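This report is for a reader who meets the structure for the first time. Please look through the sequence and the model before reading on.

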Amino acid sequence: DIKGKARKLHFPDENVEYLGFTGYRQAALEGMSSTALWLIVGSREKAASLTAPGKLYDYIGFMRPILASVPHGVVQEIVSDFSDSFVVDPDDEIGLA
């Protein structure tokens, strides 16, 4: 679960807001008003290095910094092009801290 991952990475609870499942409209409103966005793509997901999740393009459109915990590949290349964003391998706990 996201709360558990955030705590494991030592993100203070007051810095992470967990909303649970929301519809697209509400998720977009939250994304546009966020300070930063956390994009997670696990290193063990099939084709993780070859494809980009749809929410990546939403995140880019929200024009907010992106913390991308993604494996080497397409998503990492796209996010790296944005100066306010930070990319780290999903298995690099020290890099995420």
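The sections below cover the sheet, one helix, the nonpolar cores and a few single residues of this predicted model.

## The sheet

Three strands make up an open sheet, in the order β1-β2-β3, and their pairing is parallel. β1 and β3 (residues 86-88) are the edge strands, each of them pairing on one side only. On average, neighbouring strands of this sheet are turned by 15° against each other, direction ignored.

The parallel strands β1 and β2 are joined by four bridges. Within this pair, W38 stands opposite L67 of β2, and I40 stands opposite S69 of β2. On the other pairing, three bridges join β2 to β3, which also run parallel. L67 has F86 as its bridge partner in β3. From β2 the chain passes through α4 to reach β3, and this β-α-β crossover is right-handed.

## Helix α3 and its surroundings

Helix α3 spans residues 54-62, and its buried residues are L56, Y59 and F62. Seen down the axis of α3, these buried residues fall within an arc of 120°, so they line one face of the helix. On the other side of α3, G54 and G61 are exposed.

Which elements help to cover the buried residues of α3? Among them are α2 (24-33), β1 (37-40), β2 (66-69) and α4 (74-80). As for its placement on the sheet, α3 lies across β1 and β2 and runs at about 160° to β1.

## The residue after α3

M63 comes just after α3 and sits in the loop between α3 and β2. Its phi is positive, near 55°, in a residue other than glycine. Most residues other than glycine have a negative phi. M63 has a relative accessible area of 69%, which is over the 50% cut-off, so M63 counts as exposed.

## The nonpolar cores

In soluble globular proteins, nonpolar side chains tend to be buried together. Here the largest nonpolar core has twelve residues: A28, L37, L39, V41, L56, Y59, F62, I66, A68, V70, V75 and V79. β1, α3, β2 and α4 are the elements that give two or more residues to this core. The largest share, three residues, comes from α3. A second, separate core has five residues, including A6, L9, W38 and L96.

V79 belongs to the largest core. Leaving aside neighbours within four places in sequence, V79 is in contact with L56, I66, A68, S85 and V87. Of these contacts, L56, I66 and A68 are themselves listed in the largest core.

## Three buried residues

L9 is located in the loop between α1 (2-8) and α2. With a relative accessibility of 9%, under the 20% cut-off, L9 counts as buried. Apart from neighbours within four places in sequence, L9 is in contact with W38, E93, L96 and A97. W38 and L96 are also among the residues of the second core, as is L9. The C-alpha atoms of L9 and S80 are separated by 22 Å, and the two residues lie 71 residues apart along the chain.

Q76 is placed in helix α4. Is this residue buried or exposed? Q76 counts as buried, because its relative accessibility is 15%. Not counting residues up to four places away in sequence, Q76 touches V70, P71 and V87. V70 is one of the residues of the largest core.

S69 belongs to strand β2. It counts as buried, with a relative accessibility of 4%. Which residues does S69 touch, not counting those up to four places away in sequence? They are W38, L39, I40, V41, V88, D89, P90 and L96. I40, one of these, is the residue that stands opposite S69. L39 and V41 are listed in the largest core, whereas W38 and L96 are included in the second one.

How values were computed:
Residues are numbered from 1 along each chain as its sequence is written. This is a predicted model: local features need pLDDT of at least 70, side-chain atom pairs count only at pLDDT 80 or more; totals for chains, interfaces and linings use all residues. Side-chain values use heavy atoms; hydrogens and water are left out. Buried means under 20% relative accessible area, exposed over 50%, partly exposed in between (1.4 Å probe, protein chains only). The arc is that of the directions from the helix axis to the C-beta atoms. Contact means heavy atoms within 4.5 Å. Two strands pair if DSSP finds at least two bridges between them. Axes are lines fitted to C-alpha atoms, for helices over the stretch in contact, and angles run from 0 to 180 degrees between N-to-C directions. A crossover is right-handed if, with the strands pointing away from the viewer, the path from the first strand over the helix to the second runs clockwise. A nonpolar core is a set of buried Ala, Val, Leu, Ile, Met, Phe, Trp, Tyr and Cys residues joined through side-chain atoms within 4.5 Å.
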